[in-house]
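Open the model in your viewer and keep the selection tool handy. We will walk through it one stop at a time, and at each stop you will hear what to pick and what to look for.

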Amino acid sequence: MITHFARVELNTVSIQGVKQFYGNQLQFPVSFEAVDEIHVQPADHCTLVFKEDNQPLSPAHVAFEVPFTAFDDIVDLLQKAGVTLLQWSDGRSVDEFETGRNVYFRDGDGNLLEVVAHTYVQEGVLPPSGYLKILYLREIGFPVDDVFAFRELLVELFDFKLDNVEDNFTFAIGGTAHVVVVSKKRKWLPIAMTALKSAMNVTFGAPSVQVLNKISNNLDDKHIPYTLEKDRLHFQLGEYNLHIQVTAFPENIPALLQLPNASK
Ligand SMILES: [Fe+2]
């Protein structure tokens with residue numbers, strides 16, 4: 001149903017700061033630039049948009065998937081680019097878990113970024129993009145008051161699958177997109193960063209107008225108002241502004257990547 005994260009809009013206090021960090025250090029291509037807005041492309045099918053909005057910032061959490069075989073090289077590249085890796089309480093930066101490895105760092109606005117690689121992700125399906133060999137945008141954090149209620153809505157509206165289900169944390173998964181449903185009372189690892197609601201606009205990709213129609217029916221059932229344009233659906237879910245856009249991202253990519261929750 002949902003294939004991927006297509007676009008994330010975040011506020012920034014400095015367009016030039018975004019350009020220096022994402023454009024120069026991470027070497028994401030800059031695809032649009034104006035006085036108060038800049039777009040960067042971690043991968044072809046995904047855009048990060050930063051807007052200057054004269055508002056106080058709440059940092060977001062975003063994770064990028066990279067090939068497991070390139071992970072060590074990518075950590076070296078981050079360090080060569082002068083990116084400060086965050087540390088766990090024992091001083092290490094790289095975490096190894098059952099299915100992969102990751103590192104965390106922050107941008108100039110304090111957004112908590114993660115580069116993560118999983119052993120099960122099939123390589124050679126999506127082309128690694130740019131200097132950091134990004135495959136796709138895997139995670140966006142959604143701090144909420146009620147983890148149970150928010151994840152159930154994602155399941156009922158979008159047929160998301162759940163993983164790592166805990167009272168204060170859950171992955172809600174559609175395609176390659178992992179919505180990190182997290183309690184505002186649970187701090188982000190590894191630096192115990194307060195999980196604040198971020199003023200973000202998130203666009204999910206969907207393969208067809210039929211999917212938009214199906215989701216709009218589900219929204220009707222829940223009495224959630226929405227606007228449906230030709231190939232784009234917009235609505236508010238809890239405190240978050242969500243969009244679903246028909247894109248060319250192939251529907252079978254999550255299955256080809258061998259993601260555990262991909263529908264076969
Ligand atoms: Fe994460």
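**Stop 1: a hairpin and its neighbours**

Start by selecting V40 and L48: V40 stands opposite L48, which belongs to β4. Keep in mind as you look that this is a predicted model. Now widen the selection to strand β3 (residues 37–43) and β4, which run antiparallel and are joined by 5 bridges. The hairpin connecting β3 to β4 uses 2 residues.

Next, add strand β1 (residues 4–12). β1 and β4 pair in the parallel sense, over 6 bridges. To see one of the facing positions, pick L10 and look across to F50 in β4. How many of the 7 residues of β4 are buried? Colour strand β4 (residues 46–52) by accessibility and you should find 5 of its 7 residues buried, so the strand is mostly covered.

**Stop 2: the iron site**

Show the iron ion and select H61, E114 and E139. These residues coordinate the iron ion through NE2 of H61 and OE atoms of E114 and E139, at 2.0 to 2.3 Å. Along the chain, the donors follow the spacing H-x52-E-x24-E. Why does the pair H61 and E139 tie together parts that are 78 residues apart in sequence? Because H61 lies in strand β5 (residues 61–65), while E139 lies in strand β9.

Are H61 and E139 buried or exposed? Both are buried.

Now display the backbone of the two strands. β5 and β9 pair in the antiparallel sense, with 4 bridges between them. Here A63 stands opposite E139 of β9, one of the donors to the iron ion. Cover is complete along β9: 9 of its 9 residues are buried.

If you like to compare with annotation, select residues 4–118. In an unreviewed entry, UniProt places the feature "domain: VOC" there. The end C-alpha atoms of this span lie 17 Å apart, and the span is 18% helix and 43% strand.

**Stop 3: the open sheet**

Stay with β9 and bring in the strands around it. An open sheet of 8 strands runs in the order β6-β7-β8-β5-β9-β12-β11-β10, with mixed pairing. Which strands stand at the edges? They are β6 (95–97) and β10 (161–163); each has a single partner strand, so one side of each is left without a neighbour in the sheet. Turn the view along the sheet to see the twist, which averages 25 degrees from one strand to the next.

On to β12. Strand β9 (residues 136–144) and strand β12 (residues 177–183) run parallel and are joined by 6 bridges. Select P143 and you will find V182 as its bridge partner in β12. Then add helix α2 (residues 71–80), which packs on the sheet and touches β7 (100–106) and β8 (112–118). The direction of α2 makes about 15 degrees with that of β7.

**Stop 4: the nonpolar cores**

Hide the ribbons and show side chains. The largest nonpolar core has 64 residues, of which Y22, L26, F158, V179, F204 and I244 touch the most other members. In soluble globular proteins, nonpolar side chains tend to be buried together.

Centre the view on F204. Leaving aside residues up to four places away in sequence, F204 touches I2, H4, F5, A6, F160, A177, V179, L242, H243, I244 and Q245. Apart from the largest core lies another one, of 12 residues, including L86, W88, F169 and I173.

**Stop 5: backbone details**

Finish with three places in loops. Select L189 and P190: a cis peptide bond joins them, with omega about -5 degrees. P190 sits in the loop between β12 and β13 (201–206).

Then go to Q27, which has a positive phi of about 60 degrees although it is not a glycine. Q27 is in the loop between α1 (15–25) and β2 (30–34). Its relative accessibility is 41%, so Q27 counts as partly exposed.

Last, pick H223 in the loop between α4 (209–221) and β14 (226–228). H223 is not a glycine either, yet its phi is positive, at about 55 degrees. Is H223 buried or exposed? With a relative accessible area of 72%, H223 is exposed.

How values were computed. Residues are numbered from 1 along each chain as its sequence is written. This is a predicted model: local features need pLDDT of at least 70, side-chain atom pairs count only at pLDDT 80 or more; totals for chains, interfaces and linings use all residues. Side-chain values use heavy atoms; hydrogens and water are left out. A nonpolar core is a set of buried Ala, Val, Leu, Ile, Met, Phe, Trp, Tyr and Cys residues joined through side-chain atoms within 4.5 Å. Buried means under 20% relative accessible area, exposed over 50%, partly exposed in between (1.4 Å probe, protein chains only). Contact means heavy atoms within 4.5 Å. Two strands pair if DSSP finds at least two bridges between them. Axes are lines fitted to C-alpha atoms, for helices over the stretch in contact, and angles run from 0 to 180 degrees between N-to-C directions. Donors are N, O and S atoms within 2.8 Å of the metal (3.2 Å for Na, K and Ca); water is not among the atoms, so sites may look incomplete. UniProt positions are given in the numbering used here, feature names are shortened, and annotations may be inferred rather than shown by experiment.
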